Amino acid sequence: MIRLPAFLAVVIAMVLGLVAGSPARAVQQGVQQGEQDNEDTGLRLLREAAAAARGRGYAGTQYVTTWGRSGSFSSVVEVHNVPGRGLSVRSRPSGTAGWVDPGAPAGSMTAPSETMLEVLARNYRVVEAGRTSTGGRAARLVNVLRADGTLAARYWLDEAGGLALRRELFDGHGRTVHVGGFLDLTLDPARGGAVAVPTPGGVDLGEVPALMDLGWRFPTELPGRLELFAAHTEPAGYLYLGYSDGLSVVSVFVDSGVLDGEKLRGWHAQRRDGHTIWMRNSAEQGTIWASGDHVYTVFADAPADTVDAAVAALPHEPAPNLWNRLGRGAHRLLSWVNPFG
Amino acid sequence: MSHLGERVSALVDGELNHHERDRALSHLAFCASCRAEVEAMRALKSRLRSLDGPAMPADLTMSLLRMADPGDPLPPRERPFPSGSRTFGGAPIPGMHSVAPPDNRPRGRAATTRRSRRVGYVAVGVASAAVAIGTLFVVGGPDPGPRVPPVDMFANQHRNTVPYGGTATPTFSPTP
């Protein structure tokens, strides 16, 4: 009778010790600590991590899980970063490989440019949130908070190399929508002392005036603090629009033509606000719809609710008719006679 | 000097020159018969000048006014020998009277002219609008045909897009 309370006390002490020492507990403490700090205290750490992701040689195995509209999609990839050349990504078990930019979604966006970090800091509060560990490596936590204080993203940054060991994204309801992290990591000691400088980056909006003159109309902002960072026509004739909030990226492709929904294999139609939208179950949350005499295609690495809001904010015009053709003719005639065109 | 004769009228009308007039007046001083004839001629012409002009007949005035009023179109002109009565190989041969002379008769065509002019304006407007719409239709080109977007290419471009990476277009280069 006397030993039982002692045993219970030991068990309770062990449980409390595990809870106090667990990563979740550390994360919670980090959130509280970060909220007490000044704003954007974690921006310096993200800047160092971005520089390390480009300038530090490393190799390892990553897993990536994304929760889309209708489920999760996971993959395991072997990565090998060669400074100056890029990041080699080989997916398992298919074995397809290629060189990608560590700042792109294919590179898990572990190396954002300085401009993107500025956009991130403008739209979110980036705070340092303490220390923890992941994958057997000591890490520093950085929380990215929305204006209402909810968590939008969390980074685990390697204490030794500064690399982003793990990255998580959350939607507006607090649900995890993306997780990517190292299962194992080996830093290249030969390049350990290399001083890495983050790329300055910038926007790709030089063609916007010419696109406006050609009659293109597109929003410069989308719901979810998504800002237009790229707008240009591709040699294939379609228009590319890139939006980002500093954390996620939404790509919009606008192609001329009328959508032939019957030939869309692997896509399912859905009615939204009187419009038909085709979706594909994939990590990029592909979405296609017709608007006027154009076809819009959206791929995104962003929470599903953000993608849906962005899709709703883009044009959804009825099918073209005779007046559209006459208007097109008038526009062409005016462009021919316009001496400044 | 002989009598004035036919020069009496010229003298009364003042149509003689200065020399002839002096000679005629000298003759009148000695010739009572010519003086009487001149007086008679002068009295006659004075009488004629004092007379009123001829009055316009009322029916003639009304007839002229009716010619200017609008009226019903005139019936078609009947030809004494209708064309087509004689043919050669199925083709009509114009006869001597088959070609009517120009119809110069007055007709009530003022309203018809205005109406036809109005119809002309409408026709020109409709034709102009048709030409303009046709031009816009042709210049506008045919509607783009149905198509399926190259989704795999789009997805690949999205995966390799570097947000705020500058103007460089991202590329995907498979390893050998």
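These are my notebook entries on a predicted two-chain model, mostly on how chain B sits against chain A.

**Ground rules.** The model is predicted, so I kept in mind that local features need pLDDT of at least 70 and side-chain atom pairs count only at pLDDT 80 or more, while totals for chains, interfaces and linings use all residues. Residues are numbered from 1 along each chain as its sequence is written, and chains are lettered from A and ligands numbered from 1 in the order in which they are written.

**Chain B, overall.** I looked up the elements and found 6 helices and 4 strands in chain B. Helices (H or I, at least four residues) and strands (E, at least two) are DSSP runs, numbered from the N terminus. Along the sequence I read α-α-α-α-β-β-α-β-α-β. Of the 176 residues in chain B, 9% are buried. Buried means 20 or more other C-beta atoms within 10 Å of the residue's own, exposed means 12 or fewer, and partly exposed is in between, with C-beta atoms placed from the backbone. I also checked contacts (C-beta atoms, placed from the backbone, within 7 Å). Among those in chain B between residues at least 6 apart in sequence, 43% join residues at least 24 apart.

**The annotated stretch.** UniProt, in an unreviewed entry, puts "domain: Putative zinc-finger" at residues 6-35 of chain B. UniProt positions are in the numbering used here, feature names are shortened, and annotations may be inferred rather than shown by experiment. In the model, residues 6-35 of chain B come out 80% helix and 0% strand, with the end C-alpha atoms 13 Å apart.

**Where the chains meet.** I found 48 residues of chain A in contact with 32 residues of chain B. Which element gives the largest share of chain A's side? Helix 7 of chain A does, with 7 residues. That side divides into 22 nonpolar, 16 polar and 10 charged residues. Here Ala, Val, Leu, Ile, Met, Phe, Trp, Tyr, Cys and Pro count as nonpolar, Asp, Glu, Lys and Arg as charged, and the others, Gly among them, as polar.

I then looked for strand pairing across the chains (pairing needs at least two DSSP bridges). Strand 14 of chain A and strand 3 (residues 146-147) of chain B run parallel, joined by 2 bridges. Val258(A) has Pro146(B) as its bridge partner.

**Helix 6 of chain B.** I listed its buried residues: Val151(B), Phe154(B), Gln157(B), His158(B) and Arg159(B). Their cover includes strand 13 and strand 18 of chain A. Helix 6 of chain B lies across those two strands, at about 40° to strand 18 of chain A. Axes are lines fitted to C-alpha atoms, for helices over the stretch in contact, and angles run from 0 to 180 degrees between N-to-C directions.

**The sheet in chain A.** Strands 13 and 18 belong to an open, antiparallel sheet of 8 strands, ordered 10-11-12-13-18-17-16-15. Strand 10 and strand 15 of chain A each have a single partner strand, so one side of each has no neighbour in the sheet. Strands 12 and 13 of chain A pair over 6 bridges, and one partnership I noted is Tyr240(A) with Phe253(A). Helix 6 (residues 304-313) of chain A packs on the sheet, with its direction at about 160° to that of strand 18 of chain A.

**Glu78(A).** Last lookup: Glu78(A) is in strand 2 (residues 71-82) of chain A. With 17 other C-beta atoms within 10 Å, Glu78(A) is partly exposed. Beyond neighbours within four places in sequence, Glu78(A) contacts Thr61(A), Arg90(A) and Arg92(A). Arg92(A) is 14 residues from Glu78(A) in sequence and 7.4 Å away, C-alpha to C-alpha.
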